[in-house]
Amino acid sequence: MLRLDGKTALVTGASQGIGEAIARLLGRQGARVVLAARNEEKLKRLAAEIDAGGGCARPLVLDVTQPETFGERLKSLPEDYGAVDVLVNNAGITADNLLARMSLDDWERVLRTNLTGAFALTKEVVRGMIKRRWGRVISVSSVVGMMGNAGQANYAAAKAGLIGFSKSLARELGSRSVTVNVVAPGYIQTAMTDRLPEAAREELTAAIALKRLGTVDDVAWAVLFLASEEAGYVTGTTLNVSGGLYI
Ligand code: NAI
């Protein structure tokens with residue numbers, strides 16, 4: 001169940017956190033994994049670990065804000081990695097501030113990485129999926145894109161944008177057996193949330209129905225499902241992985 005043997009999966013922002021967990025799990029399930037991010041050293045280390053565990057992974061230095069480099073970067077992959085069957089748009093940044101203090105640069109940087117990056121890479125990769133009449137596009141949004149969050153107007157706009165983008169693409173590509181879905185995590189335990197003061201963590205946890213933060217693996221399992229053959233009749237949906245923070 002949920003095997004990805006013979007498939008190639010490209011995960012952006014794979015160097016750490018949620019992207020790393022997704023890459024490791026897809027690799028464990030048999031996919032050849034392309035680890036895309038900007039930090040080559042981290043990617044090489046992770047690729048070596050996945051290979052040592054019996055998987056197959058290759059690092060790909062890629063900045064999602066530089067679409068003009070995508071074609072050439074993808075061509076640099078070995079041939080058996082070149083045909084991407086599963087694309088996971090996970091790379092993302094925050095630049096939080098209340099609207100009154102949010103600069104146009106903060107707005108544009110977050111939109112460019114979190115939304116335009118996904119648009120541009122999907123456009124590049126989906127051509128092959130259409131030709132082969134099989135594909136999975138999965139974007140990592142956030143429940144903030146559905147709920148809103150004070151201080152994150154830029155981030156919430158980008159994350160909500162991913163949902164609208166994916167619904168539209170699901171309609172465009174359904175006839176080619178390419179599914180397009182979104183995973184919307186809630187509060188996930190990462191280096192970022194580890195730094196929160198205890199009181200803030202307790203307050204956060206109280207708002208979650210399951211009374212715990214999520215793990216990176218909670219998100220990775222949801223992505224694996226949407227990437228699988230078994231999810232072939234699921235498209236245009238947003239899978240909320242928030243432990244009931246947002247219902
Ligand atoms: P993180 O900051 O640990 O990792 C983000 C990854 O994106 C890193 O690998 C980074 O190198 C990469 N990245 C950033 N800008 C890039 C660019 N221009 N080109 C290529 N790669 C780039 O973040 P985390 O927590 O693992 O988040 C991953 C995704 O999950 C993000 O899209 C984030 O918005 C989303 N998310 C995270 C939540 C959390 O609680 N951590 C909650 C909801 C959504």
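How much space lies in the largest pocket? About 1400 Å³, bearing in mind that this is a predicted model. Of the 47 residues lining that pocket, Gly92, Ile93, Thr94, Tyr155 and Met192 are the closest to its centre. Several elements chip in with at least two lining residues each: helix H1, strand S2 (32-37), helix H6 (144-147), helix H7, helix H8 (191-194) and helix H9 (198-206). Sorted by class, the lining has 21 nonpolar, 20 polar and six charged residues.

So what about the ligand? The space it takes is this largest pocket. There are 25 residues around the ligand, and Ser15, Gln16, Asp63, Asn90 and Tyr155 come nearest. Tyr155, then, turns up both here and among the residues closest to the pocket centre. Helices H1 (17-28) and H7 (153-173) each give at least two residues to the shell around the ligand, and both helices also supply at least two residues of the pocket lining. The shell is made up of 10 nonpolar, 12 polar and three charged residues.

Now zoom in on the polar atoms. In the side chain of Tyr155, an N or O atom sits 2.5 Å from a ligand oxygen. Ser15 does something similar, with a side-chain N or O atom 2.8 Å from an oxygen of the ligand. With Val64 it's the backbone that takes part: one of its polar atoms is 2.9 Å from a ligand nitrogen. As for coverage, the ligand on its own exposes 820 Å², and the protein buries 88% of that.

Val64 leads us on to another spot, as it also helps line the largest cavity. The structure holds one cavity of 30 Å³ or more, and about 60 Å³ of space lies in the largest one. Its lining includes Thr12, Asn89, Asn90 and Leu162, and Asn90 is also one of the residues that come nearest to the ligand. Helix H5 (residues 104-132) gives the largest share of this lining, four residues. Five of the lining residues are nonpolar, six are polar and none is charged.

Helix H5 shows up again in the second largest pocket, which has about 260 Å³ of space. Here H5 and helix H3 (70-75) are the elements that give two or more residues to the lining, with H5 providing the largest share, six residues. Among the lining residues are Leu74, Lys75, Glu124, Arg127, Lys131 and Arg132. The class split for this lining is four nonpolar, three polar and five charged, whereas the lining of the largest cavity has no charged residues.

Technical notes. Residues are numbered from 1 along each chain as its sequence is written. This is a predicted model: local features need pLDDT of at least 70, side-chain atom pairs count only at pLDDT 80 or more; totals for chains, interfaces and linings use all residues. Side-chain values use heavy atoms; hydrogens and water are left out. A residue is near a molecule or strand if one of its heavy atoms lies within 4 Å of it. A polar contact is a pair of N or O atoms within 3.5 Å; within protein, one must be able to donate a hydrogen and the other to accept it, and residues adjacent in sequence count only if both atoms are side-chain atoms. Accessible areas come from the Shrake-Rupley method with a 1.4 Å probe; for residues, only the protein chains shown count as cover. On a 1 Å grid over the protein atoms alone, a cavity is a set of points where a 1.4 Å probe fits but cannot get out, and a pocket is an open set with protein on both sides within 12 Å along at least five of seven lines; lining residues have an atom within 4 Å of a point. A molecule sits in a cavity or pocket if more than half of its atoms lie within 2 Å of its grid points. Ala, Val, Leu, Ile, Met, Phe, Trp, Tyr, Cys and Pro count as nonpolar, Asp, Glu, Lys and Arg as charged, and the others, Gly among them, as polar. Grid points are joined across faces, edges and corners, and a volume is the space filled by probe spheres set on the points.
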